[in-house]
Amino acid sequence: NGAYDIYARLTADNWLLQGEYAETEDEWPGTFNPTIPQHIASKVSSWSVGGIYGPRIPSLAKLDFNISAEFSRFVAGPEGAPWEHQDQLVLGLTSFIVPSAKLFAEYIRTQGYAPLNFISGGNLGDGVTHSSSSAHSDIFLVGFNAAF
C-alpha cells in the first residue's frame with residue numbers, strides 16, 4: 001500500500017514554521033476488524049503543524065529561550081471507530097545554557113489511542129481492540145541534553 005507525504009518548512013528571523021500531511025493510497029486492511037464489521041477499512045492519514053520562536057544562535061551572555069508548539073492528528077479509521085484518530089499537542093520551552101547544552105520542558109497532551117500494531121484489534125479475539133477514542137494522557141517532561 002503506497003503512500004505520499006507533503007512537507008513544508010518556513011524560516012524567517014527567529015521563527016520556524018512547519019507542516020506535514022501524509023496519506024495511504026488505498027484502504028489499509030489492518031484498519032478493519034471482521035468481528036466489529038460496522039467499521040469499514042480506511043485509508044490512513046496524518047497531519048501536523050507547528051513552530052518554534054526564539055534565537056537561532058545561543059548567547060553565552062544570557063539564557064535564551066525557544067518556545068515551541070505542535071499539533072498532530074493520526075487518522076486510522078472511520079468516524080466512531082475506537083481507532084478513529086489520535087491527537088497530540090506539544091508545548092515546549094528550551095534554554096541553551098551553553099551552545100552544546102540545553103534545558104527543556106514540555107507539556108504533552110494526547111487524546112485517543114490508536115497503536116500501529118493491531119490498530120483495529122487484529123487477532124486479539126472477537127470485538128477486542130487496544131484502541132480507544134476516549135483515552136487521554138497529560139505528560140509533563142523536564143530534561144537536560146548535552147553534546148560533547
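Which residues form a nonpolar patch on the surface, and about how much accessible area do they have together? In this predicted model, the patch is made up of Leu10, Trp15, Leu17 and Tyr53, whose accessible area together comes to about 410 Å². One of these residues, Leu17, belongs to strand E2, which covers residues 15-24. Leu17 has a relative accessible area of 38%, and because partly exposed residues are those between the 20% and 50% limits, Leu17 is counted as partly exposed.

**Salt bridges**

Turning to the charged side chains, the count of salt bridges comes to 3. They are set out below with the N to O distance of each pair.

| Pair | N to O distance |
|---|---|
| Lys43 and Glu23 | 3.8 Å |
| Asp87 and Arg73 | 2.6 Å |
| Arg109 and Asp138 | 2.8 Å |

The side chains of Lys43 and Glu23 meet at 3.8 Å, N to O, and this pair links distant parts of the chain, since Lys43 sits in the loop between E2 and strand E3 (45-53) while Glu23 lies in strand E2, 20 residues apart. Strand E2 is also where Leu17 of the nonpolar patch is found. Within the pair, Glu23 has a relative accessibility of 16% and therefore counts as buried, whereas Lys43, at 36% relative accessibility, counts as partly exposed.

The salt bridge between Asp87 and Arg73 has an N to O distance of 2.6 Å. Asp87 is part of strand E5 (residues 85-98) and Arg73 is part of strand E4 (residues 64-75), so this salt bridge ties together parts of the chain that are 14 residues apart in sequence. Here Asp87 counts as buried because its relative accessibility is 9%, a value under the 20% limit that defines a buried residue, while Arg73 is partly exposed, with a relative accessible area of 27%.

In the remaining pair, the side chains of Arg109 and Asp138 meet in a salt bridge at 2.8 Å, N to O. This pair likewise links distant parts of the chain, with Arg109 in strand E6 (residues 101-113) and Asp138 in strand E7 (residues 132-146), 29 residues apart. Arg109 counts as partly exposed at 28% relative accessibility, and Asp138 also counts as partly exposed, at 39% relative accessibility.

Notes
Residues numbered from 1 in each chain as written. Predicted model: local features only at pLDDT ≥ 70, side-chain atom pairs only at ≥ 80, totals over all residues. Heavy atoms only, no water. Patch = residues over 30% accessible without salt bridge, like charges linked within 9 Å, V, L, I, M, F, W, Y side chains within 5 Å. Areas by Shrake-Rupley, 256 points an atom, 1.4 Å probe, with all protein chains shown as cover. Salt bridge = Lys/Arg side-chain N within 4 Å of Asp/Glu carboxyl O. Helix = DSSP H or I, 4+ residues; strand = E, 2+ residues; numbered from the N terminus. Buried < 20%, exposed > 50% of the residue type's maximum accessible area, 1.4 Å probe, protein only.
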